[in-house]
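Here is a short tour of a protein for a reader who likes to have the model open alongside the text. We will go through charged pairs, the nonpolar cores, a helix and a few residues with unusual backbone angles.

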Amino acid sequence: MTDVTSSKSARRPHHWRHDLIELAALFTAVVVADTIAKTIAKGPDGHYLLVFSAIALVATAAFHTWWARRHSHASHAPPAGHPGGHPLATRPAEATTAGSPEEREESGVPVETTLWRMRTTVADTPGSLAALCTVLARLGVDILTLQTHPLADGTVDEFLLRAPADLSAQALARETAAAGGRDTWTERADAHDLVDTPTRVLGLATRTALDAAELPLALRQLLGRCTLHSVPAVSLTGRPTGEQAPVEGVLEETAMRLRDPNGGTLIVERPYLPFTPTEFARARALVELDARLGPRVPHSQDVLTLPEGNEITVRRADQRDLVAARAMHDRCSARTLGLRYHGPVGDADRYLDHLLSPRFGRTLAVQTASGRLVALGHLLWDGDETEVALMVEDDWQRRGIGSELLGRLVAMAEEAGCASVYAVTQSSNTGMVAAMRALNLPLDYQIEEGTLVITARLASAPRPAGRQREQEQRQ
């Protein structure tokens with residue numbers, strides 16, 4: 001209360017002339033009152049003078065009230081250069097109604113808002129961020145979170161904004177540029193972005209610690225819309241690829257190269273937005289965490305009963321199941337292997353180590369009560385797309401195992417935020433075609449040189465893969 005009172009007093013300067021006038025008026029009133037009292041007491045027309053005095057007193061009071069109000073208005077006049085006072089004073093009534101969200105809320109008008117993520121680079125000078133925040137406030141934009149990424153020639157500020165629904169991405173970027181922002185990038189956000197950055201990073205680290213296959217997904221969610229490639233040190237044909245990033249990694253503007261703990265290199269690319277040193281450090285920390293924890297998959301498993309009464313177990317698999325997977329290959333016919341790999345059957349074993357690696361996706365294995373592996377299902381990360389692939393041993397086909405695996409893989413893809421999954425097969429593979437149709441999802445078919453590609457659009461597309469970038473603009 002003391003600060004508020006003192007600030008108001010500071011805005012209303014005290015004038016000694018006002019006190020002098022009031023003192024003179026008081027002295028005059030006392031003299032007049034004494035004179036009137038003596039006149040009424042001694043003169044014959046005293047009652048007329050009393051009435052006249054009352055009228056004069058009322059007139060004086062009215063004049064004083066008028067003068068005080070006029071003086072008050074003058075003391076609160078707008079400063080020079082602002083003839084209209086408050087900015088809203090020069091707007092018509094309808095413009096006032098369409099003001100900021102706070103003003104519309106006070107007037108009872110419903111406010112529709114949209115969440116945006118915005119990143120812009122500002123000069124590393126005092127007042128640059130304040131100028132940008134002032135412009136956002138003028139647009140009726142509420143800043144929910146703010147991250148700063150220091151650079152050598154400026155600072156990258158990343159905002160989570162709640163803006164009026166009628167504010168377009170173009171207008172937001174244009175006003176940001178006018179406030180000194182450059183390389184501005186915006187995209188629509190959702191409720192998942194409301195989680196603060198430390199909490200989100202800890203959540204991604206926890207998921208990575210529990211499941212090695214989560215590392216590619218964690219990097220995507222950490223860095224936004226990006227493409228992740230895992231390049232092994234040795235190709236499927238046994239030749240060195242020459243890809244081996246240094247231990248500390250490499251940051252190259254819109255690409256970063258990190259050493260894969262399993263060998264090879266993780267390449268993360270984001271063409272529309274350069275990576276900052278802060279993002280590079282976070283990504284490298286996740287990769288180092290994965291390297292320290294070693295191979296790991298969740299130990300949960302489900303026991304199912306087939307129609308004929310046999311029990312099977314569905315569980316996650318990784319490279320530690322390589323021997324059992326090769327034994328299953330040996331029991332499969334050439335036709336089954338050909339339908340799965342679409343190439344020379346002799347090359348099938350070379351793919352297993354790649355397919356079972358958590359860097360390239362997730363694998364589900366089906367084993368019998370005796371522990372023998374009889375089916376494999378793969379959910380493979382292919383850049384921005386996701387592939388599903390199945391192989392069931394000949395003696396266990398046509399029992400619903402393929403459909404069970406495919407349904408679980410699609411559920412994993414939805415949980416990971418994939419917008420669609422595709423399967424590459426042959427038109428003669430009626431089992432795979434029937435399993436895709438049984439998903440009850442919209443399907444797209446494409447045939448090229450005898451190869452059938454079936455794409456299923458998922459019923460829901462959570463972030464990050466289902467979210468579209470609204471605008472990419474560089475100033």
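A good place to begin is the pair Asp-321 and Arg-315, which form a salt bridge whose closest N and O atoms are 2.9 Å apart. Both partners, Asp-321 and Arg-315, are buried. Please keep in mind that this is a predicted model.

**Salt bridges**

How many salt bridges does the count come to? The count comes to 20 salt bridges. Three pairs are set side by side here.

| Acidic residue | Basic residue | Closest N and O atoms |
|---|---|---|
| Asp-321 | Arg-315 | 2.9 Å |
| Glu-214 | Arg-207 | 2.7 Å |
| Asp-290 | Arg-359 | 2.2 Å |

The pair of Asp-290 and Arg-359 links distant parts of the chain, with their positions 69 residues apart in the numbering. Asp-290 belongs to helix α10 (residues 277–293), while Arg-359 sits in the loop between α13 (348–356) and β11. Are these two residues buried or exposed? Asp-290 has a relative accessibility of 3% and counts as buried. Arg-359, at 4% relative accessibility, counts as buried too.

The pair of Glu-214 and Arg-207 is a mixed case. Glu-214 is buried, its relative accessible area being 8%, whereas Arg-207 is partly exposed at 30%. The cut-off for buried is under 20% relative accessible area and that for exposed is over 50%, so Arg-207, with its 30%, falls in between.

Some charged residues go beyond pairs. Arg-117, Arg-119, Glu-158, Glu-187, Arg-270 and Glu-279 are linked in a network of salt bridges.

**The nonpolar cores**

In soluble globular proteins, nonpolar side chains tend to be buried together. The largest nonpolar core here has 36 residues. Which of them touch the most other members? They are Val-366, Leu-379, Ile-401, Leu-405, Leu-406, Val-421 and Met-436.

Several elements give two or more residues to this core. The strands that do so are β10 (311–317), β11 (361–368), β12 (373–382), β13 (385–392), β14 (420–426) and β16 (451–457), and the helices are α14 (401–415) and α15 (430–437). Helix α14 gives the most, with 7 residues.

Ile-401 is a handy residue to centre the view on. Leaving aside residues up to four places away in sequence, Ile-401 touches Leu-306, Ile-312, Val-366, Ala-375, Val-392 and Trp-396.

A second, separate core holds 18 residues, including Leu-223, Cys-226, Leu-266 and Phe-280. Cys-226 is buried, with a relative accessible area of 7%. Another cysteine, Cys-133, counts as partly exposed at 25% relative accessibility. The structure holds 0 disulfides.

**A helix with a buried face**

Helix α11 spans residues 322–331, and Leu-322, Ala-325, Met-328 and His-329 are buried in it. Why do these residues line one face of the helix? Seen down the axis of α11, the buried residues fall within an arc of 120°, so they line one face. Val-323 and Asp-330, on the other side of α11, are exposed.

**Positive phi angles**

Two residues other than glycine deserve a look at their backbone. Asp-183 has a positive phi, near 55°, and lies in strand β4 (residues 182–188). Asp-183 counts as partly exposed, at 28% relative accessibility. Glu-253 is not a glycine either, yet has a positive phi of about 55°. Glu-253 is found in the loop between β6 (250–252) and β7 (255–259), and at 57% relative accessibility Glu-253 counts as exposed.

**The whole chain**

Stepping back, the secondary structure comes to 15 helices and 17 strands. The protein has 475 residues, and buried residues make up 38% of them. Where do contacts reach along the sequence? Among contacts between residues at least 6 apart in sequence, 64% join residues at least 24 apart. As for the surface, the protein exposes about 26500 Å², with carbon and sulfur atoms supplying 56% of this area.

Terms used. Residues are numbered from 1 along each chain as its sequence is written. This is a predicted model: local features need pLDDT of at least 70, side-chain atom pairs count only at pLDDT 80 or more; totals for chains, interfaces and linings use all residues. Side-chain values use heavy atoms; hydrogens and water are left out. Buried means under 20% relative accessible area, exposed over 50%, partly exposed in between (1.4 Å probe, protein chains only). Helices (H or I, at least four residues) and strands (E, at least two) are DSSP runs, numbered from the N terminus. The arc is that of the directions from the helix axis to the C-beta atoms. A nonpolar core is a set of buried Ala, Val, Leu, Ile, Met, Phe, Trp, Tyr and Cys residues joined through side-chain atoms within 4.5 Å. Contact means heavy atoms within 4.5 Å. A salt bridge is a side-chain nitrogen of Lys or Arg within 4 Å of a carboxyl oxygen of Asp or Glu. Accessible areas come from the Shrake-Rupley method with a 1.4 Å probe; for residues, only the protein chains shown count as cover. A disulfide is a pair of cysteine sulfur atoms within 2.5 Å.
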